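Student: I am new to this structure and would like a close look at a single part of it, the nonpolar core and what surrounds it. Please take me through it slowly.

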Amino acid sequence: NVFGILIVLGEFKSNEICPFACEFVELIKCGFVTALNFIHKLGFNSATHYQFVHFTDVNRDYTEIVKDAEKEWNRIDKEYSFTYYPHISVGWDNSPRTAHSAVVKKNTPEAFADALRKAKAHADKHPDRTPLITINSWNEWTETSYLEPDDLYGYGYLEAIKDVFKE
């Protein structure tokens, strides 16, 4: 069951999508409705993730997390009939909000660029699909998942995107 880790048409807010969404959420949690049925019932035919933390342990090195992401992309491609677009997260550290958090380590612009290359390769394996990769996030400063320039890496993450997609 992939519900809770997939995003359909933006971040999922069940009571905003349709009146029957809350009932489906409960049925999915109880195992009576599959995530696939739920996605199709709402009229969606594609999905992506929002953040690595939703499906793997992120309290480790970024390159190890990306290996899990690749496995997840392949698993979803095999097990589900909807179109899946690969996702890349910049990092994760929710401690500014929670005072404690799992923390992604070594999520440098270079590691991020390598992750983007892997996502691009995955997307390229599906020439029949729109070439789309989602990235979290532009400005999630309190989750340490942001592309905006900072004092540590400057424009490094944005440069990584430019470099990978002009290759």
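Student: Before we go to the core, how many helices and strands does the secondary structure of the protein come to?

Tutor: The secondary structure comes to seven helices and six strands, where helices (H or I, at least four residues) and strands (E, at least two) are DSSP runs numbered from the N terminus. This is a predicted model, in which local features need pLDDT of at least 70 and side-chain atom pairs count only at pLDDT 80 or more, while totals for chains, interfaces and linings use all residues. Residues are numbered from 1 along each chain as its sequence is written, and side-chain values use heavy atoms, with hydrogens and water left out. Read along the sequence, the pattern is α-α-α-β-α-β-β-α-α-β-β-β-α.

Of the 167 residues in the protein, 44% are buried; buried means under 20% relative accessible area, exposed means over 50%, and partly exposed lies in between, with a 1.4 Å probe and protein chains only. Among contacts (heavy atoms within 4.5 Å) between residues at least 6 apart in sequence, 68% join residues at least 24 apart.

Now to the core itself. In soluble globular proteins, nonpolar side chains tend to be buried together. A nonpolar core here is a set of buried Ala, Val, Leu, Ile, Met, Phe, Trp, Tyr and Cys residues joined through side-chain atoms within 4.5 Å. The largest such core has 29 residues, and those with the most contacts inside it are Phe52, Tyr62, Ile88 and Phe112. Helix 4 (62–79), helix 6 (109–124) and helix 7 (156–166) are the elements that give two or more residues to this core, and the largest share, seven residues, comes from helix 6.

Helix 6 is therefore a natural place to begin, since it supplies the largest share of the core. Its 16 residues should span 22 Å at 1.5 Å a residue, and its end C-alpha atoms are 22 Å apart, which agrees; the expected span is 1.5 Å times one less than the number of residues. The buried residues in helix 6 are Pro109, Ala111, Phe112, Ala113, Ala115, Leu116, Ala119, His122 and Ala123, and the buried residues of this helix pack against helix 4, strand 3 (87–89), strand 4 (134–136) and helix 7.

Leu116 lies in helix 6 and is buried, with a relative accessible area of 0%. Leaving aside its neighbours within four places in sequence, Leu116 is in contact with Ile88, Ile135, Ala160, Ile161, Val164 and Phe165. The C-alpha atoms of Leu116 and Thr134, which are 18 residues apart along the chain, are separated by 9.8 Å.

Helix 4 has 18 residues and reaches 26 Å from its first C-alpha to its last, close to the 26 Å expected at 1.5 Å a residue. Its buried residues are Tyr62, Ile65, Val66, Ala69, Glu72, Trp73 and Ile76. Seen down the axis of helix 4, these fall within an arc of 110°, so they line one face of the helix; the arc is that of the directions from the helix axis to the C-beta atoms. An α-helix has 3.6 residues a turn, so residues three or four places apart point the same way. On the other side of helix 4, Lys71 and Lys78 are exposed. What covers the buried residues of helix 4 includes strand 2 (83–84), strand 3 and helix 6.

Phe52 also meets helix 4 residues: leaving aside neighbours within four places in sequence, Phe52 is in contact with Val58, Tyr62, Ile65, Val66, Ala69, His87, Ile88 and Ser89. Phe52, Phe55 and Tyr62 form one aromatic cluster; rings of Phe, Tyr and Trp (its six-membered ring) pair if their centres lie within 6.5 Å, and planes under 30 degrees apart count as stacked, over 60 as edge-to-face and the rest as tilted.

The buried residues of helix 7 are Gly156, Tyr157, Ala160 and Val164. They cover an arc of only 95° around the axis, which puts them on the same side of helix 7. What covers the buried residues of helix 7 includes helix 6 and strand 6 (145–146).

A search of the whole structure finds five aromatic pairs. One of them is stacked, with Trp141 and Tyr146 at 3.7 Å centre to centre and 15° between the planes. Tyr153 and Tyr157 form an edge-to-face pair, 5.7 Å centre to centre with 75° between the planes; Tyr153 is partly exposed at 31% relative accessible area, whereas Tyr157 counts as buried at 4%.
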